[in-house]
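Trainee: Got a minute to go through the aromatic rings and cysteines in this one? I'd like to take it piece by piece.

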Amino acid sequence: MTAPIPTLAGLSGIAEERDLILCDVWGVLHDGQKAHVAAGEALIRFRALPGPRRRRVVLVSNAPRPGDGVGRILDRFGVPREAYDAILTSGDLTRELIAARPGAQIRHLGPERDLGVFKDLDITLVPEGEADLVVCTGLFDDRAETPDDYRDELTRLATRGLTMICANPDLVVESGNRLIPCAGLLAAAYADLGGAVVYAGKPHRPVYEAALAVAASLDGGPPDDKGRVIAIGDAIRTDIAGASAFGIASLLVARGIHAEELGVTADHHTLGDIAEWLGRQAVHPDAVIERLVW
C-alpha cells in the first residue's frame, strides 16, 4: 500500500531539511491580480534560517517573458523582493533557443505584451507564410479565444514542417477565480497535428538544471545537493511532474489551478480528503499544503 501523502500546516514543518527552494510564481505567490502575502512572508522566513549553507529561493516560472519583466510584475502585485534571490523563466530559456538560430524568420503566436522575449535578438517577425520557425507565447486573446481558433493555421504550419518553440508549457493558469489558457494548449494541439515542438520551461529537465546553476552562482560554490532541494508549485503536470523527473522533492499548493478538483473552492475552505484525487495522478508530490504559509 502506498504511504499517505502528508498535508502540511506550513512550510516551517520541512524548512530545516532544505537549502534551496525552486518556487513557482503564478498560483503560489500571486493569483494573477494580487500577491498572496503569506506566501512571500514564508519565503522571507525560509531565507533567514541559519545553517551551514545559505538558504536560497529561485523563482522558476513558465512565464513567456524574461525574468526581469516578471520581477516588475511581482513588484506591481506586491510580492516583496526579499522573498527570493533570483528569477528564471521559460522566457529566458526561449531567448537562448532563439539565439541559437540567428537570422530566423519567426511567426509569433501570442499577445504583444510578450514581445520582450525577442528584444535585441537577431530575428525578424514575419507573417505565417514567410516563417521558418514558430514561437508560441500564448493566445492572442486568452480571455476570448480557444485552441480551436488556431487549428487552420497550426495545420498549415505543421504541414510545412516548421518547429514550434513553446515559451510557456502551462496549459492554464489561475487569474482571480478564472483559469486562463496558455501556450501549452496550442503546443499540444500542434503536436497532435504532427508538428515538432520544443518546450522551454517546466516540466522539462533543462529549466531545473539552469535553476540549480543560478542558485550555485549566487554563492560561487557547487550546485546544491538535490536531497536538500524542494520545488513548490500548484500544477501536477508541470511543477510536480518536473520535480519528480529531475529527482527532487515537491510540495503541491492545493489552492491553485487544481482548487476545484481538490475541494478548496470559495465554498470549501479546507483540503478535506484528497487521497483519492492524488491517487489518480500519474505523479505525486511529497507533501501538500493548502496555501504557501510559514
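**Rings, charges and cysteines**

Mentor: Start with a charge over a ring: Lys226 lies over the face of Phe246, 3.9 Å from the ring centre. Keep in mind that this is a predicted model.

Trainee: Is Phe246 buried or exposed?

Mentor: Phe246 is buried, with a relative accessible area of 5%.

Trainee: And which ring does Phe246 pair with?

Mentor: Tyr208. The two rings are stacked, 5.5 Å centre to centre, with 25° between the planes.

Trainee: Where do Tyr208 and Phe246 sit in the chain?

Mentor: Tyr208 is in helix α6, residues 205-219. Phe246 is in helix α7, residues 236-246. They are 38 residues apart, so the pair links distant parts of the chain.

Trainee: What about Tyr208, buried or exposed?

Mentor: Buried, at a relative accessible area of 2%.

Trainee: OK, how many aromatic pairs are there?

Mentor: The count is 2 aromatic pairs. One of them is Phe140 with Tyr150: the centres are 5.9 Å apart and the planes are at 20°, so that pair is stacked.

Trainee: Why stacked?

Mentor: Because planes under 30 degrees apart count as stacked, and the planes of Phe140 and Tyr150 are at 20°.

Trainee: Where are Phe140 and Tyr150?

Mentor: Both Phe140 and Tyr150 lie in the loop between β7 (133-136) and α4 (151-159). The pair ties together parts that are 10 residues apart in sequence.

Trainee: How do they fare on burial, Phe140 and then Tyr150?

Mentor: Phe140 is partly exposed, at 36% relative accessibility. Tyr150 is buried, with a relative accessible area of 4%.

Trainee: Back to charges. What lies over the face of Phe77?

Mentor: Arg76, at 5.8 Å from the ring centre of Phe77.

Trainee: Switching to cysteines. How many disulfides does a search of the whole structure find?

Mentor: The search finds 0 disulfides.

Trainee: Why is Cys23 not in a bond?

Mentor: Because its sulfur is too far from any partner: the closest cysteine sulfur, in Cys182, is 17 Å away. Cys23 is also buried, at a relative accessible area of 0%.

Trainee: And Cys136, what is the nearest cysteine sulfur there?

Mentor: That of Cys166, 5.7 Å away. A disulfide needs the sulfur atoms within 2.5 Å, and Cys136 is in no disulfide.

Trainee: Is Cys136 buried or exposed?

Mentor: Cys136 counts as buried, at 0% relative accessibility.

Technical notes
Residues numbered from 1 in each chain as written. Predicted model: local features only at pLDDT ≥ 70, side-chain atom pairs only at ≥ 80, totals over all residues. Heavy atoms only, no water. Phe/Tyr/Trp six-rings, centres within 6.5 Å; stacked < 30°, edge-to-face > 60°. Helix = DSSP H or I, 4+ residues; strand = E, 2+ residues; numbered from the N terminus. Buried < 20%, exposed > 50% of the residue type's maximum accessible area, 1.4 Å probe, protein only. Lys NZ or Arg CZ within 6 Å of the ring centre and 35° of its normal.
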